[in-house]
Amino acid sequence: MRAELAARLAWQAHAAFVIAKKDALVYYRKPPVVTFGIVFPVFFVLAFAAGRTLAPESLVPGIVAMALFFTASAIGPLVTPWERQAKTYERLVTSPASLGAILAGDALAGAVFGAVLTLMPIALGVAATPAAIARPAELALGVVFGAAAFSALGVLLAAPATDTPSQVMMLSNLVRLPLIFVSGVFVPHAEMPSWGQSLAPLSPLSYAADLIRVGFGQTAYFSVASDVAALAVFAVFFLAAARLFHARGRARGR
Amino acid sequence: MPEPMIEAHGLCRRFGDALAVDHVEFVVRRGEIFGFLGPNGAGKSTTVRMLTGYLPPSEGRALLAGIDVGHDPSAARRHIGVVPEEANVYADLTVWQNVMLMAELHGLARARRTARGEELLETFGLADRRRQKGRELSKGLRQRLMLCMALVTDAPILFLDEPTSGLDVASAHLIRDVVTRINRDRGATVFLTTHNIEEADALCHRVAIINRGRLAAIDTPRALRAAIQSRRAVEVHFATPFPDASTLAGELSPDDIVPLADGYLIYSAEPGRVAQEIATRASARGVRIASMATRDPSLEDVFLHITRTRATAPTSGGQVHAR
């Protein structure tokens, strides 16, 4: 029984890996990925920094967290609508890959993409400003677990049964943009107003930004363990919710 | 008797208040090519989607190779290759990448999938295009590629939903030829949904006709044709101006007469007698007959007979299974 379960899990893990590979080949080079994944966070950071007398190195953790957030969640919301629009979705769903494996594959692709692209602002921040990586393990945990949670959020945002990517992008920005303001990306949690401090724990970006700040030698607001645990819970919750919405949509014939 | 490979047990599907598929029941055995016919909106694609696990049934259950699709969809789907209706290839993947994607999803080992992929690209005339992107292929080539993607899985069951619809003659012929070969050589079970009655007649061991969500008939094409002997016909073409059909063939219902450009197709249970009568009356009126032949019912006649006359309650037609 246990061996059978292990074999099934191995099969679905393989299927998730194949789906992730397909996503990487098919979707990573699409213009919205570049626009929303790289250009958008850069301009967002510049808008935040304009007119403020902040040391450049103090902005680096925020830029890294923002880049991670936008790159990891850029693809996920669009994959399923693109698949539906291109009429490739039904064949994928009628393959032996389970719905969970398909969604996990989409999330894996987003997470790897986000984590890899985030190395760029990290390298630039370290090279071009006095910022230095003080605790690499915490930084790595923040990037890896943050990427997993954000890409799972992207997969959840793709759950509405639509074949119009622009609709999903609207929903995606409606959800993602407010999360930035309550996550202490640029204003440390301790300096946020009380309402902001109450809302911060509801955003996965809070925990990833916290870990990344620790990685760059700044003070943690939550503990490292609770940051990691919260990001893991968010990732699982987003994927489970996405699976539920997809299953409901299919039950309705969409 | 070969084992059942596809089983539909009381399959029903509702969309809101509308009943799209109504207690459909059949069994397809190993090695059969099973045609699934019906007019637009009859419930063909909805039935296929329930059988392949894309759509959960409102009632009933589907089994593939003995595995309940609702209970263990992934295990059941390892036994199938699917060409869904209105599906497409990945436009941004090459021909080879598209084929390998499906092989990998079915867990084929690298050596096996490479050998099988190369063999299929050769068979379907796509070997020279393996590096071309899906978006660069014509409709016919894309359909060939989709069939490659279904066949590379080595699955014992194939679901083909309108595989030759809208294709050029050469592509359609190639696909029919390959389907026949994989059935004959590998013993694959094929579930073929099609609008093309001639295709179903030529390829299928058995056909089922679905009408308004209900299974109206299921049997071999020959038995279905034999079941509607009243749809035998006389086809007559005249060499000179010709009179009204009723003056030529006595008491005939207008429903039994189909006007042709230079004659008539006249349906009758006694085509010999009708032919004799037409010849006699034509001679008496000085009308010259260019050609005349009696015709057995075609599967198209069966299809039209069933879908026009059996709005709700099916009656016998060959071996008819319906509820």
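# Two chains, one chat

Student: How much of chain A is made up of buried residues?

Tutor: Of the 254 residues in chain A, 53% are buried. Buried means under 20% relative accessible area, exposed means over 50%, and partly exposed is in between (1.4 Å probe, protein chains only).

Student: Anything I should know about the model before we go on?

Tutor: It's a predicted model, where local features need pLDDT of at least 70, side-chain atom pairs count only at pLDDT 80 or more, and totals for chains, interfaces and linings use all residues. Residues are numbered from 1 along each chain as its sequence is written, chains are lettered from A and ligands numbered from 1 in the order in which they are written, and side-chain values use heavy atoms, with hydrogens and water left out.

Student: Cool. How many helices and strands does chain A have?

Tutor: Eleven helices and zero strands. Those are DSSP runs numbered from the N terminus: H or I of at least four residues for a helix, E of at least two for a strand.

Student: And how compact is chain A?

Tutor: Its radius of gyration is 18 Å, close to the 18 Å from the globule rule for 254 residues, so chain A is as compact as a globular protein of that length. That radius is taken over C-alpha atoms, and the rule is 2.2 Å times the number of residues to the power 0.38. Along the principal axes, the C-alpha trace of chain A spans about 55 × 40 × 35 Å.

Student: What about the surface of chain A: how much of it do carbon and sulfur atoms supply?

Tutor: They supply 72% of the roughly 10900 Å² that chain A exposes. Areas come from the Shrake-Rupley method with a 1.4 Å probe, and for residues only the protein chains shown count as cover.

Student: Switch to chain B. What's in it in terms of helices and strands?

Tutor: Chain B has eleven helices and 14 strands. Its C-alpha atoms fill a box of roughly 75 × 45 × 40 Å along the principal axes. Of its 323 residues, 52% are buried. The accessible surface of chain B is about 14000 Å², with 48% belonging to carbon and sulfur atoms.

Student: Show me one helix. How many residues does H4 of chain B have?

Tutor: H4(B) covers residues 110-123, which is 14 residues, and it reaches 20 Å from its first C-alpha to its last, close to the expected 20 Å at 1.5 Å a residue. The expected span is 1.5 Å times one less than the number of residues.

Student: Which residues in H4(B) are buried?

Tutor: Arg113(B), Arg116(B), Gly117(B), Leu120(B) and Leu121(B). Down the axis of H4(B), the buried residues fall within an arc of 130°, so they line one face of the helix. The arc is that of the directions from the helix axis to the C-beta atoms. On the other side of H4(B), Ala111(B) and Glu122(B) are exposed.

Student: What covers those buried residues of H4(B)?

Tutor: The cover includes three helices of chain B: H3 (95-105), H5 (139-151) and H6 (169-186).

Student: Which residues touch the most other members of the largest nonpolar core?

Tutor: Leu105(B), Phe124(B) and Leu145(B), in a core of 78 residues. A nonpolar core is a set of buried Ala, Val, Leu, Ile, Met, Phe, Trp, Tyr and Cys residues joined through side-chain atoms within 4.5 Å. Leaving aside neighbours within four places in sequence, Leu105(B) is in contact with residues of chain A, including Trp11(A), Ile19(A) and Leu92(A). Contact means heavy atoms within 4.5 Å. A second, separate core of 46 residues includes Met66(A) and Phe69(A).

Student: Where does Arg13(B) lie? And is it buried or exposed?

Tutor: Arg13(B) lies in strand E1 (residues 4-15) of chain B and counts as buried at 4% relative accessibility. Not counting residues up to four places away, Arg13(B) touches Ala251(A), Arg252(A) and Gly253(A), among others.

Student: Last topic, backbone oddities. What is the phi of Arg212(B) near?

Tutor: It's near 50°, a positive value in a residue other than glycine. Most residues other than glycine have a negative phi. Arg212(B) lies in the loop between strands E9 (206-211) and E10 (214-219) of chain B, and counts as exposed at 57% relative accessibility. Asp154(B) also has a positive phi, near 60°. Asp154(B) lies in the loop between H5 and strand E7 (157-161) of chain B and is partly exposed, at 26%.
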